[in-house]
Amino acid sequence: KIKQSVKPWREGGYKETSPTTKRLLEYWFKEEHLLEDGTKFEFWRCQKEAVETLIYIYEVCKCTSLYDLGSSFEVGLPVDPTRDLWPKYCFKMATGSGKTFIMTFALLWQYFNKIFGTDNGLRYSSHFLLLAPNIIVYDRLGEAFKNNSIFKQFPFIPKEWDLDLQLILQSESRPAHSKGVLHLTNIQQLYERPEGEEENPIQELLGPRPKREEEVVYEGLLNELQGYDDLLVMNDEAHHVHSDDLEWNKTIGKLDKGIKENFGCGLLMQLDFSATPKDLEGRLFSHIVYDYPLAEAVTDKIVKRPRIGFIENIPESLSKDFVKKNQYQIDTGIEILRKFQGEFRETKKKPVLFIMTDNTTNADKVGKYLEEKKEFQGKVLVIHTDKAG
C-alpha cells in the first residue's frame with residue numbers, strides 16, 4: 001500500500017515536501033551526475049525508492065508511530081502502545097543493495113532540513129547514532145564515513161550546499177564542535193557495565209576505587225547521546241534487534257527515556273536496516289516500510305547470480321571415509337581454484353574455495369586433507385557451526 005501511494009507522489013513532483021527535501025530528491029534522482037573519473041553515475045532504483053518511502057511516510061503522511069502507519073494505510077498491525085513510543089521504520093534490503101547509501105540519504109535529508117530551519121510541524125535531526133553489531137560491520141561503516149569520504153566520492157550534496165558533519169568513533173572522547181555529529185559505535189559499547197566487587201574495609205577507608213576505562217567510556221557516551229534533543233538512531237544488520245527484551249532494544253529505550261527526562265521529547269527516529277528482519281519465530285518485523293528482496297536484486301543485476309556447476313561421470317567410491325568418498329569433487333574444486341588463481345593474479349584479488357560438509361567431524365577431515373597439500377599449508381580455515389549458528 002505504501003508503494004502504491006509513493007508512485008503517484010513521485011510522478012507528481014514530490015508535492016507537500018519542504019523546499020529543502022524537494023531540492024535533495026531532485027538533485028539525487030533527476031540531475032545527471034559524473035564522478036571524478038568522468039564516468040556517469042546513477043543511484044540504484046531500490047535506493048531511490050527506499051528514501052522516497054521514508055520521506056513520504058514521515059514528511060507527507062506524518063506517520064510518527066507504528067499505530068499511525070497502520071491507520072494511515074488501513075493495515076492491521078500488532079501494536080503495543082507501551083512500546084510504540086517513537087518513529088520506527090525498517091528497510092528490508094537484500095545484502096549488497098547499498099544500505100549505507102540509504103543511511104546517507106536519510107542523514108542528509110534530516111541534517112539539511114534541521115540546519116535550514118524547516119518549519120512544518122515535524123522534528124528534524126543533526127545528531128545521529130549509527131549502531132553496528134560487530135567489529136566487521138563497524139569497520140566497514142567507519143571506512144565509509146571517515147573524513148566524510150562517502151559524501152565526497154558520490155553525488156550526495158548539491159554543489160551550492162556545505163556539510164559540517166563530525167564523525168566520533170566509539171573509543172574517542174572529544175567534544176562535538178560541528179553543526180552535525182555522527183556517532184559510530186558497536187552496540188556493546190552502550191551496554192550497561194556490571195558493578196564491581198563489594199568494597200572491603202580497606203577500600204572504605206581509602207575511598208571508592210577508580211572506574212575502569214570501559215565504564216568511563218560507557219557513561220561518557222551515554223550522557224553525551226542523552227544530551228541531544230534530536231537524536232536519530234540507525235541500526236545496521238537490525239535482525240539482531242529482533243526482540244524488545246534484548247539488551248540492544250533496552251539500550252535504545254534507555255536513550256529515549258534519558259532524552260525525555262532532559263528535554264520532554266524522546267528519540268526523533270529509529271531506522272532499521274537488514275536483509276532478514278525477522279524474529280526467532282521467523283516472523284517479519286511489523287515496522288517494515290520498504291522491501292527489496294534478493295530475487296529482485298538478482299533480476300536487477302545488483303546482486304550476482306550464482307552459477308551452479310555439475311560434474312559428469314563421477315567414478316563411484318565404495319569407501320566409507322568422507323574424504324575418499326568425495327575426493328573427486330574436492331579435487332575438482334581445487335583444480336578450479338588453481339585456474340581462478342591464475343586468472344586473478346593480475347587483479348591482485350584472491351579467489352576462495354569454500355567446501356561445505358554435512359557435519360563437523362567431516363569438516364575436520366577435509367581440513368586435514370587440504371592442509372597436507374603444500375600449497376594450502378596455513379591457508380585452511382575450518383569453521384564449525386551448530387543448529388543455532
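Helices are taken here as DSSP runs of at least four residues, numbered from the N terminus. The structure described is a predicted model.

The largest pocket encloses about 970 Å³ of space. Its lining comprises 29 residues, and those closest to the pocket centre are Val 352, Leu 353, Phe 354, Ile 355 and Leu 381. Two helices, H13 (327-344) and H14 (360-371), each supply at least two residues of this lining. Of the contributing elements, H14 gives the most to the lining, with five residues. By residue type, the lining of the largest pocket divides into 16 nonpolar, seven polar and six charged residues.

The second largest pocket has a volume of about 610 Å³. It is lined by 23 residues, and Lys 88, His 242, Asp 244, Ser 286 and His 287 lie nearest its centre. The lining of this second pocket is made up of eight nonpolar, seven polar and eight charged residues.

In the interior, the largest nonpolar core contains 72 residues, of which Trp 28, Tyr 89, Phe 91, Phe 151, Phe 156 and Leu 271 touch the most other members. The element that gives the most to this core is helix H5 (residues 99-115), with ten residues. Another core, of 21 residues, lies apart from the largest one and includes Leu 129, Leu 190, Ile 252 and Ile 259.

The surroundings of Leu 271 illustrate the packing of the largest core. When neighbours within four places in sequence are left aside, Leu 271 is in contact with Leu 54, Tyr 89, Phe 91, Ala 106, Leu 232, Val 233, Met 234 and Asn 235.

Helix H5 itself was examined further. Since 15 of its 17 residues are buried, H5 is largely enclosed by the rest of the structure. At 1.5 Å a residue, the 17 residues of H5 should span 24 Å, and the end C-alpha atoms of the helix are 24 Å apart, so the expected and computed spans agree. H5 is followed by Gly 117, which has a positive phi, near 70°.

A further buried position is found in helix H2 (residues 19-30), where Thr 21 is located. A residue counts as buried when its relative accessible area is under 20%. Thr 21 has a relative accessibility of 0% and therefore counts as buried. Not counting residues up to four places away in sequence, Thr 21 touches Ile 55, Glu 59, Trp 109 and Asn 113.

How values were computed
Residues numbered from 1 in each chain as written. Predicted model: local features only at pLDDT ≥ 70, side-chain atom pairs only at ≥ 80, totals over all residues. Heavy atoms only, no water. Core = buried A, V, L, I, M, F, W, Y, C linked by side-chain atoms within 4.5 Å. Buried < 20%, exposed > 50% of the residue type's maximum accessible area, 1.4 Å probe, protein only. Contact = heavy atoms within 4.5 Å. 1 Å grid on protein atoms, 1.4 Å probe; cavity = no way out; pocket = protein on both sides within 12 Å on 5 of 7 lines; lining within 4 Å. Points joined across faces, edges and corners; volume = space filled by probe spheres on them. Nonpolar A, V, L, I, M, F, W, Y, C, P; charged D, E, K, R; others polar. Expected span 1.5 Å × (residues − 1).
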